[in-house]
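User: I should like to examine how the terms used for this model are justified. Please set each value against its cut-off and state the conclusion.

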Amino acid sequence: MENQTQTVRRTSARERLLAAADELFYENGINLVGIDRVIEHAGVAKASLYDCFGSKEELIRAYLKGRADKRQARISERIASLGTPQEKILGVFDLLAEIVTRADYRGCAFQRASAEAGVSSVIKGTCDESRAWLRSQFTELARQAKAADPGLLGRQLVILYDGASLAAHVDGDRSAPQAARALAAQMLPS
């Protein structure tokens with residue numbers, strides 16, 4: 001009866017560590033979660049952490065890189081389905097509005113980690129890279145929309161995005177992305 005071959009996908013220690021880091025760091029912050037807690041949650045030996053990442057800082061960097069890749073994919077997928085640059089810009093705010101309503105929403109992982117990281121750390125650099133990507137997307141869309149100053153508009157849109165994300169988390173204002181979207185719409189060239 002048990003002659004059927006079942007393929008069970010076993011997750012690697014690296015995948016389990018990243019999944020544990022994603023859950024624990026996002027829920028509690030990078031400084032409040034000790035490495036022993038991540039190792040225990042992942043169900044791996046301490047040596048696995050050092051074999052896979054070398055340090056807690058590198059695990060945090062990998063966690064943030066994974067979050068950045070997912071955010072970029074979500075945004076890219078959303079804007080690919082929209083027509084005009086203006087619709088694409090507003091679509092980013094619509095996506096944020098969906099995300100902040102999730103029960104597990106704890107704010108922007110990059111804002112939170114950046115606030116906890118040292119100025120010259122690898123962690124801060126990873127956060128800066130993710131934020132630069134978002135700014136470049138807004139700036140490029142502003143250029144396509146024929147904004148008078150695409151760089152300025154791109155920076156302003158990031159400020160609106162950041163403010164909406166922060167207000168949704170800190171103030172519990174889940175309608176903040178819609179308010180930011182309304183402001184963004186007023187700023188866009190017709």
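Analyst: The discussion below concerns a predicted model and takes up burial, salt bridges and the largest pocket in turn.

User: Why is serine 165 called buried?

Analyst: Its relative accessible area is 2%. Buried means under 20%, so serine 165 is assigned to that class. This residue belongs to helix α8, which covers residues 150–170.

User: Which residues does serine 165 contact, leaving aside its neighbours within four places in sequence?

Analyst: Serine 165 is in contact with Leu96, Tyr105, Gly107, Cys108 and Gln111. The criterion is that heavy atoms lie within 4.5 Å.

User: What makes serine 114 count as buried?

Analyst: The relative accessibility of serine 114 is 18%. The limit for burial is under 20%, and serine 114 therefore counts as buried. Serine 114 is located in helix α6, residues 109–116. With residues up to four places away in sequence not counted, serine 114 touches Lys124 and Cys127.

User: How far is serine 114 from threonine 126, in sequence and in space?

Analyst: The two are 12 residues apart in sequence, and their C-alpha atoms are 8.8 Å apart.

User: What makes the pair glutamate 27 and arginine 106 a salt bridge?

Analyst: The N to O distance between the two side chains is 3.2 Å. A salt bridge requires a side-chain nitrogen of Lys or Arg within 4 Å of a carboxyl oxygen of Asp or Glu, and the pair of glutamate 27 and arginine 106 satisfies this. The pair links distant parts of the chain, 79 residues apart: glutamate 27 is in helix α1 (residues 13–28), and arginine 106 is in the loop between α5 (85–99) and α6. By the rule just applied, the count comes to 10 salt bridges.

User: Why are glutamate 27 and arginine 106 called partly exposed?

Analyst: Partly exposed is the class between under 20% and over 50%. Glutamate 27 has a relative accessibility of 38%, so it counts as partly exposed. Arginine 106 has a relative accessible area of 23%, so it too is partly exposed.

User: How do you know that aspartate 128 forms a salt bridge with lysine 124?

Analyst: Their closest N and O atoms are 2.9 Å apart, and the cut-off is 4 Å. Both residues lie in helix α7 (residues 122–144), four residues apart, about one turn of the helix. At 35% relative accessibility, aspartate 128 is classed as partly exposed.

User: What places arginine 143 and glutamate 140 about one helical turn from each other, and how close do their side chains come?

Analyst: They are three residues apart in helix α7, which means a separation of about one helical turn. Their side chains meet in a salt bridge with an N to O distance of 2.3 Å. Arginine 143, at 48%, falls below the limit of over 50% for exposed residues and therefore counts as partly exposed. Glutamate 140, with a relative accessible area of 30%, is partly exposed as well.

User: What volume does the largest pocket have, and which residues lie nearest its centre?

Analyst: The volume is about 360 Å³. Of the 17 lining residues, Tyr26, Arg67, Arg74, Ile99 and Gly107 lie nearest the centre. Two or more lining residues come from each of α1, α4 (56–80), α5, α6 and α8. The most come from α4, with four residues.

User: How do the lining residues of the largest pocket divide by character?

Analyst: Eight are nonpolar, two polar and seven charged.

Definitions and conventions:
Residues numbered from 1 in each chain as written. Predicted model: local features only at pLDDT ≥ 70, side-chain atom pairs only at ≥ 80, totals over all residues. Heavy atoms only, no water. Buried < 20%, exposed > 50% of the residue type's maximum accessible area, 1.4 Å probe, protein only. 1 Å grid on protein atoms, 1.4 Å probe; cavity = no way out; pocket = protein on both sides within 12 Å on 5 of 7 lines; lining within 4 Å. Points joined across faces, edges and corners; volume = space filled by probe spheres on them. Nonpolar A, V, L, I, M, F, W, Y, C, P; charged D, E, K, R; others polar.
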